[in-house]
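Here's a quick tour of a protein chain for anyone just getting started with structures. Have a look at the picture, then read on.

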Amino acid sequence: MKTAGVVVQVVLLIVIAPYLVGVMRQVRARLEGRAGAGIGQPWRDLRKQFRKEPISPEGSSWVFAAAPAVLLATTVVIAAIAPFVATVSPLSGIADLFAVVALLLLGTVALALAGLDTGTAFGGMGASREITVAALAEPTILLAGFALSVRVGSTNLSAIVERGQESPATVLSPATLLAAVALAVVVVAEAGRLPVDNPSTHLELTMIHEAMVLEYAGRDLALIEFASALRLTVLLGLWANLFVPWGVATTASPLALLIGAGAFAAKVAILGAVLAAGEVFMAKLRLFRVPELLAGSFLFGVLAVSSSFFLA
């Protein structure tokens with residue numbers, strides 16, 4: 001039965017990831033006075049891209065060809081091991097904070113190397129910016145997670161979520177609130193959303209993520225777009241379950257898994273809609289201001305860890 005929880009949450013994340021992007025686009029469209037293409041448009045775009053033949057630029061190596069698969073694989077592994085729908089899983093023992101951060105960074109590095117492998121100016125520029133953002137964001141994830149793990153005595157994500165359900169007061173503690181702010185900024189940066197990056201931009205000089213994937217086409221581009229949507233779902237889901245842990249199943253019964261799946265979908269949809277609504281009123285930061293934003297989130301992470309030890 002425990003294996004069923006893994007299957008349910010992996011299938012759930014794979015199905016709803018493109019719909020989450022569609023919901024966010026639809027929210028932005030409505031707030032901007034447009035009709036929008038509907039929440040199912042990302043799935044239709046992926047279906048169209050998967051029918052097309054991939055094209056590799058002249059001179060590129062296996063690094064360019066392997067990057068989409070590596071990015072997708074690392075994200076699927078996180079979707080399988082992290083407590084999104086249920087905390088009871090045969091893989092819960094490896095759902096460690098450091099493992100999740102390492103997998104996120106592995107996908108980032110794979111895509112950055114692919115951008116460099118093309119030999120284009122925009123690919124190299126996007127890769128450089130992406131690694132800069134990652135180098136500033138990943139330590140904050142560790143600090144925020146460490147602040148939550150102090151009260152549990154473990155960096156296991158399932159244990160952190162279960163402790164939050166057992167002791168609701170700890171969710172409203174100063175350390176947890178500081179960690180929530182720090183991780184929220186990092187989620188925006190890692191997902192490539194405003195004000196750090198603009199996923200819908202067509203201005204090469206302002207792009208980060210899109211600059212690395214300009215040379216991809218067909219099935220390879222579809223894999224990257226799908227992996228990016230899944231990565232956004234994973235990041236929002238991690239934030240939701242770490243700081244709003246209610247609804248996550250602690251048993252492998254069918255009813256508990258159904259409630260866990262519904263709660264996860266609802267929380268991610270609400271967070272995605274809030275993020276999309278906020279983007280309507282935001283402008284992209286200048287590149288040299290992004291480190292200042294991430295440094296601020298790092299400071300919140302340090303304060304969260306200090307508060308955790310003080311309250312412990």
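What follows is a short briefing on the fold, the record's annotations, the open and closed spaces, and some ring pairs.

Keep in mind that this is a predicted model. The chain has 12 helices and zero strands, and 51% of its 312 residues are buried.

**Overall fold**

- Read from start to finish, the chain goes α-α-α-α-α-α-α-α-α-α-α-α, so you won't come across a strand, as the count of strands is zero.
- The C-alpha trace spans about 55 × 45 × 40 Å along its principal axes.
- How does the radius of gyration sit with that of a compact globule? For 312 residues a compact globule would come out near 20 Å, and the chain has 19 Å, which agrees.

**What the record says**

- An unreviewed UniProt entry lists "transmembrane region" for residues 6–24, 61–85, 97–119, 131–150, 170–189, 229–249, 255–281 and 293–311.
- Take residues 61–85 as one of these stretches: in the model the span is 80% helix and 0% strand, and its end C-alpha atoms lie 39 Å apart.
- Residues 255–281 are another one of them, with 96% helix, 0% strand and 40 Å between the end C-alpha atoms.

**The largest pocket**

- This pocket has a volume of about 1,200 Å³.
- There are 44 residues lining the largest pocket, and the closest to its centre are Arg25, Pro199, Ser200, Glu210 and Glu225.
- Which elements give two or more residues to this lining? They are helix H1 (2–31), H2, H4, H5, H8, helix H9 (209–212) and H10.
- H10 gives the most, with eight residues.
- Sorted by class, the lining of the largest pocket has 21 nonpolar, nine polar and 14 charged residues.

**The second largest pocket**

- Here the volume is about 360 Å³.
- Ala184, Val185, Val187, Val188 and Leu275 are the closest to the centre of the second largest pocket, out of 15 lining residues.
- H8, H10 and H11 each supply at least two residues of this lining, and H11 has the largest share with five.
- The lining of the second largest pocket splits into 13 nonpolar residues, one polar and one charged.

**The cavity**

- How many cavities of 30 Å³ or more turn up in a search of the whole structure? The search finds one.
- About 160 Å³ of space lies inside the largest cavity.
- Its lining is made of 14 residues, and Leu97, Ile141, Leu183, Leu238 and Leu242 are the closest to the centre.
- Four helices each supply at least two residues of the cavity lining: helix H4 (97–117), helix H5 (121–149), helix H8 (174–190) and helix H10 (218–243).
- By class, the cavity lining has 12 nonpolar residues, one polar and one charged.

**Aromatic pairs**

- The structure holds five aromatic pairs, and two of them are worth finding on the picture.
- Tryptophan 43 and phenylalanine 226 make a tilted pair, with 6.1 Å from centre to centre and 40° between the planes.
- Tryptophan 43 is in helix H2 (residues 41–50) and phenylalanine 226 is in helix H10, so this pair ties together parts that are 183 residues apart in sequence.
- Are the two partners buried or exposed? Tryptophan 43 is partly exposed, at a relative accessible area of 29%, while phenylalanine 226 counts as buried at 9% relative accessibility.
- Phenylalanine 84 and phenylalanine 264 form an edge-to-face pair, because their planes are at 65° and the cut-off for that class is over 60 degrees. Their ring centres are 5.5 Å apart.
- Phenylalanine 84 sits in the loop between helix H3 (62–81) and H4, and phenylalanine 264 in helix H11 (residues 254–280), so the pair ties together parts that are 180 residues apart in sequence.
- Phenylalanine 84 counts as buried at 1% relative accessibility, and phenylalanine 264 also counts as buried, at 1%. Both calls follow because buried means under 20% relative accessible area.

Methods
Residues numbered from 1 in each chain as written. Predicted model: local features only at pLDDT ≥ 70, side-chain atom pairs only at ≥ 80, totals over all residues. Heavy atoms only, no water. 1 Å grid on protein atoms, 1.4 Å probe; cavity = no way out; pocket = protein on both sides within 12 Å on 5 of 7 lines; lining within 4 Å. Points joined across faces, edges and corners; volume = space filled by probe spheres on them. Nonpolar A, V, L, I, M, F, W, Y, C, P; charged D, E, K, R; others polar. Phe/Tyr/Trp six-rings, centres within 6.5 Å; stacked < 30°, edge-to-face > 60°. Buried < 20%, exposed > 50% of the residue type's maximum accessible area, 1.4 Å probe, protein only. UniProt positions renumbered as here; feature names shortened; annotations may be inferred. Rg over C-alpha atoms; globule rule 2.2 N^0.38 Å.
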